[in-house]
Amino acid sequence: MAATGRKHLVRDFNHFITCYLCRGYLIKPTTVTECLHTFCKSCIVQHFEESNDCPKCGIQVHETNPLEMLRLDNTLEEIIFKLVPGLREKEEQQELEFWKKNQPKANGQAENLRCQRIGLPDVGGDDGDCGGDDGDDAADDDYHRSDPQIAICLDCLRNTGQSGESTVTDLMKRFIRCSSRVTVGTIKKFLSLKLKLPSSYELDVLCNGEIMGRDHTLEFIYMTRWRLHGENTYPMVLEYRPRIDFG
């Protein structure tokens, strides 16, 4: 007689699918590559704002920027959603309610949502367009999170004697992580909104002193301007400066 297999309950797997930090089911499970421990994305990102060590084993993840050592685990996420009935629907509903409650006035939300679709942080601006996608793919709820990600540093390049020097300043947070498909045009609009630049100003974005075309993607710049020029440092550094439009 064939032996009947033991029926497993969801709680039998809780040790593998719950977050060490919040004790809930892993939401957007994110793995630390140095030690392979996995946490909710929001939990581990918040933890790394205060510490560079893994909260579970204590290993130093990175000396300066531990966020570089995080990787989303989409396969584990799908497994958890299949194991826990209703979890996906619950999370989608909570996310929808969050956006309804935190709906900024005027164009703010539209800009931020559009930035998320291309993988950039929220801009918090008032006018303008983040660029990239025109919103036709708004039904795509992934917001490019599954795209290959790239970390960049945005530095302000100041030229002595330039009349717009005082207008363009450093960003409060120079380091961002976004989709490698983001274009220079999108970066320019992101910077303009963040820095609240006058409409008379346009920005040039440079890599290794060379002005980048607005249709260049970050992946293209990294492969052809940054890596091939012998730059081994990470993240990739892009510089920006104002270009005054006299027209």
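This is a guided tour of the structure, with a suggestion at each stop of what to select and a description of what is there.

**Colouring by confidence**

The model on the screen is predicted, and a sensible start is to colour the chain by pLDDT, which averages 77, with 72% of the residues scoring at least 70. Confidence is highest in strand E2, residues 38–40, at a mean of 94, and lowest in helix H5, residues 108–118, at a mean of 50. Select next residues 123–140, where pLDDT stays under 50 and for which the model has 42 contacts beyond four places in sequence. Residues 160–165 also have a pLDDT below 50, and this stretch has 9 contacts in the model beyond near neighbours in sequence. Where pLDDT is low, the predicted coordinates should not be read in detail.

**Helix H2**

Select residues 41–48, which form helix H2, and show the side chains of Cys43, Ile44 and Phe48, the buried residues of this helix. Looking down the axis of H2, the reader will find these buried residues within an arc of 125 degrees, so they line one face of the helix. Turn to the face directed away from that buried side, and the exposed residues Ser42 and Gln46 come into view. What do the buried residues of H2 pack against? Their partners are the strands E1, E2 and E3, the last of these spanning residues 70–72.

**Helix H3**

Move on to residues 74–83, helix H3, in which Leu76, Glu77, Ile80 and Phe81 are buried. These residues cover an arc of only 140 degrees around the axis, which puts them on the same side of H3. The general background is that an α-helix has 3.6 residues a turn, so residues three or four places apart point the same way. On the other side of H3, select Thr75 and Lys82, both of which are exposed. To see what surrounds the buried residues of H3, add helix H1 (14–17), strand E1 (29–32), strand E2 and helix H4 (87–101), against which those residues pack.

**Arg23 and its loop**

Between H1 and E1 runs a loop, and Arg23 is found in it. Arg23 is exposed, with a relative accessible area of 60%, and has a positive phi of about 70 degrees although it is not a glycine. Show Tyr20 as well, since Arg23 lies over the face of its ring, at 4.9 Å from the ring centre.

**The largest nonpolar core**

Which residues have the most contacts inside the largest nonpolar core? They are Ile152, Leu154, Ile187, Leu218, Met236, Leu238 and Tyr240, in a core that has 25 residues. The elements that give two or more residues to this core are strands E4 (149–156), E5 (175–179), E6 (201–207) and E8 (236–244), together with helices H6 (184–195) and H7 (218–226). The largest share, 5 residues, comes from H6. Apart from this core lies another, of 20 residues, among them Cys19, Leu26, Phe39 and Met69. In soluble globular proteins, nonpolar side chains tend to be buried together.

**Ile152 and Met236**

Within the largest core, centre the view on Ile152, which lies in strand E4 and counts as buried at 0% relative accessibility. Its C-alpha atom is separated by 5.8 Å from that of Phe175, although the two residues are 23 residues apart along the chain. Leaving aside neighbours within four places in sequence, Ile152 is in contact with Arg174, Phe175, Ile176, Ile187, Leu218, Pro235, Met236 and Leu238. Selecting Met236 next, and again not counting residues up to four places away, one finds that it touches Ile150, Ala151, Ile152, Cys153, Leu218, Ile221, Tyr222 and Trp226.

**Asp204 and Lys196**

Is Asp204 buried or exposed? This residue of strand E6 is buried, with a relative accessible area of 5%. Beyond its neighbours within four places in sequence, Asp204 is in contact with Lys188, Ile211, Glu239, Tyr240, Arg241 and Arg243. Finish at Lys196, in the loop between H6 and E6, which counts as exposed at 60% relative accessibility. Phi of Lys196 is near 55 degrees, a positive value in a residue other than glycine.

Notes:
Residues are numbered from 1 along each chain as its sequence is written. This is a predicted model: local features need pLDDT of at least 70, side-chain atom pairs count only at pLDDT 80 or more; totals for chains, interfaces and linings use all residues. Side-chain values use heavy atoms; hydrogens and water are left out. A nonpolar core is a set of buried Ala, Val, Leu, Ile, Met, Phe, Trp, Tyr and Cys residues joined through side-chain atoms within 4.5 Å. Buried means under 20% relative accessible area, exposed over 50%, partly exposed in between (1.4 Å probe, protein chains only). Helices (H or I, at least four residues) and strands (E, at least two) are DSSP runs, numbered from the N terminus. Contact means heavy atoms within 4.5 Å. A charge sits over a ring if NZ of Lys or CZ of Arg is within 6 Å of the ring centre and within 35 degrees of the ring normal. pLDDT is the predictor's confidence in each residue, from 0 to 100. The arc is that of the directions from the helix axis to the C-beta atoms.
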